[in-house]
Amino acid sequence: MDSTAAPQAGESPFAPPLPGDPRRPLGPRDPGDAWVEGDRGRFWGRFGSAGLLVHDPAKGVLLQHRALWSDQGGTWGLPGGALHQGEEAIHGALREAQEEAAVPPENVRVLFTSVFDVGYWTYTTVVAEALQPFDAAISDPESLELQWVGIDAVACMQLHPGFGAAWPGLRSRLTEALRLTSQE
């Protein structure tokens, strides 16, 4: 496992909020940054949300250890977040992964998407392969740590409940997509 730890105090202008502090966005708040509530629960992202599951053949899958102050904080998931109004899910996932983990969008190729839809909200997992190796780096206060985790070890992590429920199907589709791309 390859890991990137959060910056120490004084190393970054992105100091995490103190316990009990509200979430502090880094710039003007986007209209999509809001909770959506309905009969199936409460979800982040007025226009839906998206995350990037990127696989590097030498390193594994990039996971984000979520900041404690975030929803389901302390769990492992994907870099991602709320979509902007009118934003396509693939663009949003790539934008969020670049903002949160310094994933260079030009270094990845999208393999497929998977959509979780509750009727009034959607989460799109954008699955991609790294075309060139890159170093992930924490680039905002939403991460405690970033790690490259082998496909077989992902289920051993304390996963965000939504990602944990989706992982078996995503793993199966990723494995098949990687098999097919290796035959090209």
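A residue is called buried when its relative accessible area is under 20%. In this predicted model, that criterion is met in helix α1 by A89, G92, A93, L94, R95, E96, A97, E100 and A101. The chain as a whole averages a pLDDT of 87, and 85% of the residues score at least 70, whereas over residues 1-18 the pLDDT stays under 50, and for this stretch the model has 34 contacts beyond four places in sequence.

Helix α1 consists of 13 residues and spans 17 Å from its first C-alpha to its last, which is close to the 18 Å expected at 1.5 Å a residue. The buried residues of this helix pack against a series of strands, namely β4, β5 (60-66), β7 (80-82), β8 (108-117), β9 and β10. Directly after α1 comes A102, which has a positive phi, near 55°.

Strand β4 was examined next. Eight of the eight residues of β4 are buried, so this strand is largely enclosed by the rest of the structure. In a regular strand the side chains alternate between the two faces of the sheet. In β4 both faces are covered, with S49, G51, L53 and H55 buried on one side and A50, L52, V54 and D56 buried on the other.

The pairing of β4 involves several strands. With β9, β4 runs parallel and is joined by seven bridges, and in this pair L53 stands opposite V127 of β9. With β7, the pairing is antiparallel and extends over three bridges, A50 having G81 of β7 as its bridge partner. With β5, which is also antiparallel to β4, there are two bridges; here H55 stands opposite V61 of β5, and a hairpin of three residues joins β4 to β5.

The helix and the strand both contribute to the nonpolar interior. The largest nonpolar core contains 20 residues, and those with the most contacts inside it are L52, V54, L62, V103, V108 and F134. At least two residues of this core are supplied by each of β4 (49-56), α1 (89-101), β9 (122-130) and β10 (143-149), and α1 gives the most, with five residues. When residues up to four places away in sequence are not counted, F134 touches V54, K59, A102, V103, P104, N107, V108 and W148. Apart from this largest core lies another, made up of 18 residues, among them L53, L63, W167 and L178.

Key
Residues numbered from 1 in each chain as written. Predicted model: local features only at pLDDT ≥ 70, side-chain atom pairs only at ≥ 80, totals over all residues. Heavy atoms only, no water. pLDDT = per-residue confidence, 0-100. Contact = heavy atoms within 4.5 Å. Core = buried A, V, L, I, M, F, W, Y, C linked by side-chain atoms within 4.5 Å. Buried < 20%, exposed > 50% of the residue type's maximum accessible area, 1.4 Å probe, protein only. Helix = DSSP H or I, 4+ residues; strand = E, 2+ residues; numbered from the N terminus. Expected span 1.5 Å × (residues − 1). Pairing = 2+ DSSP bridges.
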